[in-house]
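This briefing is set out by topic and is intended to be read alongside the sequence and the coordinates.

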Amino acid sequence: MGNLEWEIASAGRPRAGNIVPTGPPDIGRWQTTASTLSDSPIPVPDSPMRSILVIDDNPAVGTALESLFALREIRTVTATSPAEGLEILQRQPIGVVVQDMNFSADTTSGIEGMELFRAIRARHPDLPIVLLTAWTHLETAVDLVRAGAADYLAKPWDDHKLLATVENLLELAEATGEVSRLRAEHRRRRQALEQAYDLRGLVFAAPETLRVLELACQVARADVPVLITGPNGAGKERIAEIVQANSAVKDGPFVTVNCGALPSELIEAELFGADAGAYTGAPSKAREGRFEIADGGTLFLDEIGNLPLAGQAKLLRVLESGQFERLGSSRTRRAKVRVISATNADLADMIRAGRFRQDLYYRLNVIELGLPPLAERREDVLPLAEHFLAGAAALDGAARNALLAHAWPGNVRELKNVLQRAVLLCRDQVISVADLGLEAPRAAAPQTPPAAEPDRAAIEAALAEAGGVVSQAASALGLSRQALYRRMEKMDIGHRDAGMA
Ligand SMILES: Nc1ncnc2c1ncn2[C@@H]1O[C@H](COP(=O)(O)OP(=O)(O)OP(=O)(O)O)[C@@H](O)[C@H]1O
Ligand SMILES: [Mg+2]
């Protein structure tokens, strides 16, 4: 949490959305240190992920590949026998293996290659292996790709293709490493937050939500106004509850006023109270305002953008001095109240239009917590869905994909409603896409339709069709291999297990 503290101190009014997670500084990847290419003028990568191992009984293959990969700053280690290759893998970090299929002059069966492949797989289950094979053994190679080899190339290989294949695999391995590092970091931060604060059972998984919560908890104890911004149904009220639950006044009253639900004439009386007969239609008895009721606790002003200008002036005064008067009364009263407000309106726009006081705005948003729309924190979707289903029904695969792909203009509230309805409509407690009744996005039809972006289902289908061969699936989808890998990584689709099940 040290980073956040620093940011608050230096940024004045931080917005949760602007906080940049600070990780370790980028470690220089290119260092001229010992390697098989130490006499080469090209800087040699230090990262284990940028090293490949070539296992081929023909030393000329190793030499050729060494020069080829040096051009791309990839370090090549060579072995001329399976035993030597396995031994190197024990000792050195290697990002990708490129292996031959035959290792004795008198064998051409490819059995040795299969055995080597299995031996590497058994010891290093995640290491990508590319097979170099005579065209007569393409079938064996395809079998091995089914069994988890990353790819195969027929000898004589095409330099460009081999380079592209290996570079993609190295990139993917690096990205996967980075992704798991970020995941572990996310888990650690989440646990720390859960231990230190009461999150009121909030369901979340997205890093964007974690960031908002970290800031919310951190500012909760301070006696400063907090403004929560975000679209309808995003969960602003839930965040307000968390701020309250972790505040110094958590045992005091928690009073909510929805400024949007009251006619403007009544809001002032609601907030500040009124003396008997203070206005036309006022009750005959004096009434306490919400500020008085919330004294010593928290007042949550929801939809603050709907507070009329006269009410805004009074609110400003009570925030600045703690003083106010009931309607129709000249007696000044005092209340000490922690104010949390929320809005889905663009207050800056309202200020420009003269509908919201700038001084009040600055007063309310000493800390602004910007809760992103659900569509910008997709990792929250499925955990929230499971939470709302509460075991009453399960989602089938296509339904899950549809939930992930939907734009959620109504945010978490829409998700909740969709699932409540689906539970009633589904059969055998399994929710399918049809039960969700999600409308297709009604965007204006473009003149020339853009190339359809393949979704998870399309990618998984293409991979299954291609027997797991990424390059083949990529061309079927009209993507480059690299582009497909990026999407697979983003959607967390493993290329070995995709389509193999
Ligand atoms: N992370 C969450 N975990 C569990 N339930 C949630 C979560 N976020 C929102 N909800 C639920 O979704 C619904 C909408 O949330 P909430 O009322 O807090 O949204 P809001 O941003 O205040 O919406 P509005 O702008 O319409 O007032 C509520 O039923 C709330 O309990
Ligand atoms: Mg609300």
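Helix α6, which spans residues 159-196, contains E171. The model is a predicted one, and the points below are drawn from it.

**E171 in helix α6**
- E171 has 17 other C-beta atoms within 10 Å; because a residue counts as buried at 20 or more and as exposed at 12 or fewer, E171 is classed as partly exposed.
- Although E171 and G95 are 76 residues apart along the chain, their C-alpha atoms are separated by 9.4 Å.

**The five-strand sheet**
- An open sheet is built from five strands with parallel pairing, in the order β2-β1-β3-β4-β5.
- The edges are occupied by β2 (75-79) and β5 (151-155); each has a single partner strand, so one side of each is left without a neighbour in the sheet.
- On average, neighbouring strands of this sheet are turned by 20° against each other, direction ignored.
- Within the sheet, β1 (residues 51-55) pairs with β3 (residues 96-99) in the parallel sense, over four bridges.
- V54 has V98, in β3, as its bridge partner.

**Backbone geometry in the loops**
- The peptide bond between K155 and P156 is cis, with omega at about -5°.
- P156 belongs to the loop that runs between β5 and α6.
- W408 shows a positive phi, near 50°, and is a residue other than glycine; its place is the loop between α15 (397-405) and α16.
- D428 is likewise not a glycine and has a positive phi of about 50°; this residue is located in the loop between α16 and β16 (430-431).
- Are these two loop residues buried or exposed? W408 is buried, since 22 other C-beta atoms lie within 10 Å, whereas D428 counts as exposed because it has 7 C-beta neighbours inside 10 Å.

**The surroundings of ligand 1**
- There are 17 residues around ligand 1, and those that come nearest are V203, G235, K236, E237 and V412.
- Two or more residues of this shell are given by each of the elements α8 (236-245), α14 (381-389) and α16 (411-425).
- By class, the shell comprises six nonpolar, six polar and five charged residues.
- Where does ligand 1 lie with respect to domain 2 and domain 3? Both domain 2 (198-372) and domain 3 (375-436) give residues to the shell, so ligand 1 lies between them.

Key. Residues numbered from 1 in each chain as written. Chains lettered and ligands numbered in written order. Predicted model: local features only at pLDDT ≥ 70, side-chain atom pairs only at ≥ 80, totals over all residues. Near = placed C-beta within 6 Å. Nonpolar A, V, L, I, M, F, W, Y, C, P; charged D, E, K, R; others polar. Domains from an automatic or database assignment. Pairing = 2+ DSSP bridges. Axes fitted to C-alpha atoms, helices over the stretch in contact; angles between N-to-C directions.
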